[in-house]
Amino acid sequence: ESIDDIDFGVFTEKTAKPIIAKRPFVVFGSHGHLKALKSLGFKTFSSVIDESYDNEPYRKKRFAMVMEEMAKLNALDPVEVYKKLHMILKRLFQQSY
């Protein structure tokens, strides 16, 4: 995301594009970005990605954690990842009210 120095999520096309394309993603964003996304009813990918980076208040450490998760995700079999995330990707837009 373009803005990462505040304590809430600012959603732009950078988050919207993978949601619309139904692709898993990690967020280089502000502290609590995923939490804010989840509060709107969106599902995320914690069954495959360790999303604890979202809780890290220090940008440098948070981004290092994101890079680590990207490397781990890249090492996985994409077919298996999509199988595991199929239901989440299918229902990304279904909000829980």
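From the N terminus on, the chain runs α-α-α-α, that is, four helices and zero strands, where helices (H or I, at least four residues) and strands (E, at least two) are DSSP runs numbered from the N terminus. The model is predicted: local features need pLDDT of at least 70, side-chain atom pairs count only at pLDDT 80 or more, and totals for chains, interfaces and linings use all residues. Residues are numbered from 1 along each chain as its sequence is written, and side-chain values use heavy atoms, with hydrogens and water left out.

**Exercise 1.** Determine how E69 and K72 are placed and paired.

*Solution.* Step 1: both residues lie in helix α3 (residues 59-75), three residues apart, about one turn of the helix. Step 2: their closest N and O atoms are 3.2 Å apart, which meets the salt-bridge rule (a side-chain nitrogen of Lys or Arg within 4 Å of a carboxyl oxygen of Asp or Glu). Step 3: E69 has a relative accessible area of 6% and is buried, whereas K72, at 43%, is partly exposed; buried means under 20%, exposed over 50%, and partly exposed in between (1.4 Å probe, protein chains only).

**Exercise 2.** Analyse the salt bridge between K83 and E80.

*Solution.* Step 1: the closest N and O atoms are 3.6 Å apart. Step 2: K83 and E80 are three residues apart in helix α4, so about one helical turn separates them. Step 3: K83 is exposed at 57% relative accessibility, and E80 is partly exposed at 44%. Step 4: elsewhere, salt bridges with shared partners join E68, E69 and K72 into one network.
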